[in-house]
Amino acid sequence: MKTLGLTFCIKIYFNHKGLPNKEYLRLILSSEYNRKHVDRFMGNNLMSQLANVKISLNDFQVRDGIYFPKDYEQLNSTEQKQRWDKIGKTYYGSQKIEEAAATAPIKQDYTLLTGKPGGTWSKFTVNQSVDSILEIGCGYGRIPLFLSKEKNLRCQKYYGVDISEPLLRRLLKCKQEYDFFPGAEFNIICDSAELLPLEDNSIDLAISNCVFMHIPDAQIRNLLVEISRVLKPGGIFVFNHSFHNKSCPSHIIHNFVRRLNIFKQNPVYLKQYSADEIKAMLTASGITAKCPQYTVEPTQEYAILPQKIKGIPVPFATQINNSIKPSDSRRETLAYGYSAYSNNC
Ligand SMILES: C[S@@+](CC[C@H](N)C(=O)[O-])C[C@H]1O[C@@H](n2cnc3c(N)ncnc32)[C@H](O)[C@@H]1O
């Protein structure tokens with residue numbers, strides 16, 4: 001299968017002297033394996049061409065109010081997509097609010113469904129009004145629901161990208177139920193976030209919550225370049241709890257266990273980052289040129305022990321992690337992750 005994938009890339013490379021077409025590129029980009037080998041065997045030539053490729057919503061097909069890529073079958077065959085479709089069916093938020101009685105408390109109080117997101121969201125300025133919002137990994141709409149209801153954020157257009165079809169279907173139900181961003185145009189896109197089907201400099205506010213840490217390093221870097229491309233100069237970005245912290249002991253233990261497992265390793269290795277590496281990525285993507293005033297800060301969740309190792313719960317990990325109250329000088333070491341946001345958020 002892997003050899004086939006690589007042969008396929010080589011064929012594409014030699015068959016397409018000019019810019020390869022979008023469908024082919026989509027296939028290449030959808031596989032971490034292909035990406036790695038395209039890089040290794042063919043240098044940056046093809047990869048640099050990718051930087052010039054743009055897609056638009058016209059390259060998608062709309063079904064049930066969701067934009068799907070035309071090669072959706074290919075996306076469906078990826079491990080990443082299958083994983084998130086499965087999680088999406090059982091995820092928190094999978095309660096069927098539309099089936100609850102009209103008088104049920106959850107109908108009146110959306111936080112019974114979503115909880116209240118904290119971190120950077122608590123700092124978000126109230127009563128803002130923007131033209132367009134892009135959300136990467138929107139899930140079932142927890143963050144837009146919170147921003148609309150609690151922060152009175154208003155927008156004309158909302159673009160939500162997520163790989164999980166069940167979660168996007170749930171988002172549409174939540175929208176129907178709680179009517180967040182009333183009157184806004186909703187564009188819900190089921191795809192792996194990398195090439196964004198949006199115009200240059202078209203987005204006022206780019207947001208993401210707990211998503212980047214689930215995406216491989218090469219894809220994240222491409223995605224950040226795309227976010228930078230579509231963000232308006234002076235626009236706002238909020239990537240709350242988006243990167244895992246490489247010095248957090250819990251991640252170090254995970255990495256160690258992973259290296260011991262020589263027989264079967266998870267093919268998708270998810271990197272962790274230091275604050276400096278995150279700043280370097282934001283700069284390399286061009287985001288900081290568009291939003292020069294920004295902050296990268298450790299999250300307020302700390303961890304010494306992983307919750308699970310190879311699916312096996314670690315005794316007392318939750319209690320021990322919850323009891324950590326680090327001094328300022330230890331926060332960067334013990335924080336589970338990092339958030340990055342522009343200071344005008
Ligand atoms: C931990 S959930 C967070 C969901 C939502 N942001 C929230 O806070 O409720 C991670 C989300 O990222 C999405 N996701 C994972 N990999 C993705 C990818 N490659 N492209 C787009 N979305 C992805 C998942 O489907 C899921 O909705």
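User: Happy to look at this with you! What covers the buried residues of H13?

Analyst: Glad to help. In this predicted model, the cover over the buried residues of H13 includes two helices, H11 (217–230) and H14 (287–290), together with strands E7 (231–244), E8 (294–298) and E11 (337–342).

User: Which residues of H13 are called buried, and what makes a residue buried?

Analyst: A residue earns that word when 20 or more other C-beta atoms lie within 10 Å of its own. In helix H13 (residues 275–285), the buried ones are Ile-278, Met-281, Leu-282 and Ser-285.

User: Why are they placed on the same side of H13?

Analyst: Because the arc they cover around the axis is only 95°, they end up on the same side of H13. Just after the helix comes Gly-286, with a positive phi near 95°.

User: On to the strands. What makes E3 and E4 a pair?

Analyst: Pairing asks for at least two bridges, and strand E3 (residues 129–136) is joined to E4 by seven, with the strands running parallel. Ile-136 stands opposite Val-161 in E4. The chain gets from E3 to E4 through H9, in a right-handed β-α-β crossover.

User: How do you know that E3 pairs with E6?

Analyst: By the cut-off of at least two bridges, E3 and E6 (residues 203–209) qualify, since they have four, in the parallel sense. Here Ile-133 stands opposite Leu-205 in E6.

User: And which residues are closest to the ligand?

Analyst: Among the 19 residues surrounding the ligand, the closest are Trp-84, Gly-137, Gly-139, Arg-142 and Ser-164. Helix H6 (79–90), helix H9 (142–150) and strand E4 (154–162) each give two or more residues to this shell.

Technical notes: Residues are numbered from 1 along each chain as its sequence is written. This is a predicted model: local features need pLDDT of at least 70, side-chain atom pairs count only at pLDDT 80 or more; totals for chains, interfaces and linings use all residues. A residue is near a molecule or strand if its C-beta atom, placed from the backbone, lies within 6 Å of it. A residue is buried if 20 or more other C-beta atoms lie within 10 Å of its own, exposed if 12 or fewer, and partly exposed in between; C-beta atoms are placed from the backbone. The arc is that of the directions from the helix axis to the C-beta atoms. Two residues are in contact if their C-beta atoms, placed from the backbone, lie within 7 Å. A crossover is right-handed if, with the strands pointing away from the viewer, the path from the first strand over the helix to the second runs clockwise.
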